[in-house]
Amino acid sequence: MTTYCLHFSPCGSIKSYAMEMADAIDSSYVSFDLTRSDLSIPVLKKDDIIVVAVPVYGGRVPKVFAARMSRWKGCGNKAISAVVYGNRAYDDALLELNDILLPMEMIPVASGAFLARHVLHPFL
Ligand SMILES: Cc1cc2nc3c(=O)[nH]c(=O)nc-3n(C[C@H](O)[C@H](O)[C@H](O)COP(=O)(O)O)c2cc1C
């Protein structure tokens, strides 16, 4: 069983949340930086666990995240999903994230929205 820690974190807050969550499950977790486009995607086994954390941009999940995530293929994996926002609102971003994961056969078993600094880095 491997715990994968997937984070899309241009300025670092989301990565900290994601790594804390993954470490609480399994200190030997494997980390993936989804701001990068050159990742080799592992073949998942059913008992692998996915921690995935992304920012809220304009109340939504970043489009580029959804495109990068579509390269992953789940097989009924348990997923822990999180959105991180800058204290305006997270709107439907957590719902949107779970709606991306479910058709990929990554089943959210716990989800949360977390606060961070409201950065202005335009990574869209
Ligand atoms: C283009 C852009 C749009 C944002 N939209 C929202 C928003 O709708 N609601 C909110 O509360 N925070 C918003 N934020 C703040 C980010 O969600 C927050 O700063 C980010 O999750 C920090 O993560 P990072 O440090 O890992 O990059 C926005 C930030 C940027 C750059």
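# A walk through a predicted model

Asp91 is a partly exposed residue, since 15 other C-beta atoms lie within 10 Å of its own. The structure to which Asp91 belongs is a predicted model, and this residue makes a convenient point of entry. Asp91 sits in the loop between S4 and H3, where its phi is positive, at about 45°, although it is not a glycine. The loop between S4 and H3 also holds Asn87, another residue that is not a glycine and yet has a positive phi, in this case of about 70°. Asn87 counts as exposed, because 9 C-beta neighbours are found inside 10 Å, and the cut-off for that class is 12 or fewer.

From this loop the chain leads into helix H3, which covers residues 93-101 and has Ala93, Leu94, Leu97 and Leu101 as its buried residues. When the helix is viewed down its axis, these buried residues of H3 fall within an arc of 100°, so they line one face of it. The general geometry of such a helix helps here, because an α-helix has 3.6 residues a turn and residues three or four places apart therefore point the same way. The buried residues of H3 are packed against strand S3 (49-55), strand S4 and strand S5 (106-115).

Helix H1 can be read in a similar manner. With 13 residues at 1.5 Å a residue, H1 should span 18 Å, and the 19 Å that separates its end C-alpha atoms agrees with this. Its buried residues are Ser13, Ile14, Tyr17, Ala18, Met21 and Ala22, and because they fall within an arc of 165° when seen down the axis of H1, they line one face of the helix. Among the elements that cover these buried residues of H1 are strand S1 (3-7), S3, S4 and S5.

What lies in the interior can be followed through the largest nonpolar core, which has 34 residues, and in which Ala18, Val51, Ala53, Val54 and Val83 touch the most other members. The elements giving two or more residues to this core are S1, H1, S3, helix H2 (63-69), S4 and H3. Val51 offers a view of the contacts involved: when its neighbours within four places in sequence are left aside, Val51 is in contact with Thr3, Tyr4, Cys5, Leu6, Ala18, Met21, Ala22 and Ile80.

Several of the residues that Val51 touches lead on to Phe32, a residue of strand S2 (residues 30-33). Phe32 is buried, because 20 other C-beta atoms lie within 10 Å of its own, and a count of 20 or more is what that class requires. Leaving aside neighbours within four places in sequence, the contacts of Phe32 are Tyr4, Cys5, Leu6 and Leu39. Although Phe32 and Cys5 are 27 residues apart in sequence, their C-alpha atoms are 6.0 Å apart in space.

The ligand is the next feature to consider. It is surrounded by 24 residues, of which the closest are Cys11, Ser13, Pro55, Tyr85 and Gly86. Helix H1 (13-25) and strand S4 (77-85) are the elements that give two or more residues to this shell. Sorted by class, the shell around the ligand is made up of 13 nonpolar, 9 polar and 2 charged residues. Ser13 thus appears among the closest residues to the ligand and also among the buried residues of H1.

Three further residues complete the tour, beginning with Arg60 in the loop between S3 and H2. Arg60 is partly exposed, with 19 other C-beta atoms within 10 Å, and, not counting residues up to four places away in sequence, it touches Ala93 and Glu96. Arg60 and Leu115 are 55 residues apart in sequence, and their C-alpha atoms lie 15 Å apart in space. Ala67 has its place in helix H2 and counts as exposed, with 11 C-beta neighbours inside 10 Å. The C-alpha atoms of Ala67 and Ala93 are separated by 16 Å, the two residues being 26 residues apart along the chain.

The last of the three is His118, in the segment after S5, which is exposed, with 11 other C-beta atoms within 10 Å. His118 touches Gly86 and Asn87, when residues up to four places away in sequence are not counted, and this contact returns the reader to Asn87 in the loop between S4 and H3. His118 and Ser81, by contrast, are 20 Å apart from C-alpha to C-alpha, with their positions 37 residues apart in sequence.

Technical notes
Residues are numbered from 1 along each chain as its sequence is written. This is a predicted model: local features need pLDDT of at least 70, side-chain atom pairs count only at pLDDT 80 or more; totals for chains, interfaces and linings use all residues. A residue is near a molecule or strand if its C-beta atom, placed from the backbone, lies within 6 Å of it. Helices (H or I, at least four residues) and strands (E, at least two) are DSSP runs, numbered from the N terminus. Ala, Val, Leu, Ile, Met, Phe, Trp, Tyr, Cys and Pro count as nonpolar, Asp, Glu, Lys and Arg as charged, and the others, Gly among them, as polar. The arc is that of the directions from the helix axis to the C-beta atoms. Two residues are in contact if their C-beta atoms, placed from the backbone, lie within 7 Å. The expected span of a helix is 1.5 Å times one less than its number of residues. A nonpolar core is a set of buried Ala, Val, Leu, Ile, Met, Phe, Trp, Tyr and Cys residues joined through C-beta atoms within 7 Å.
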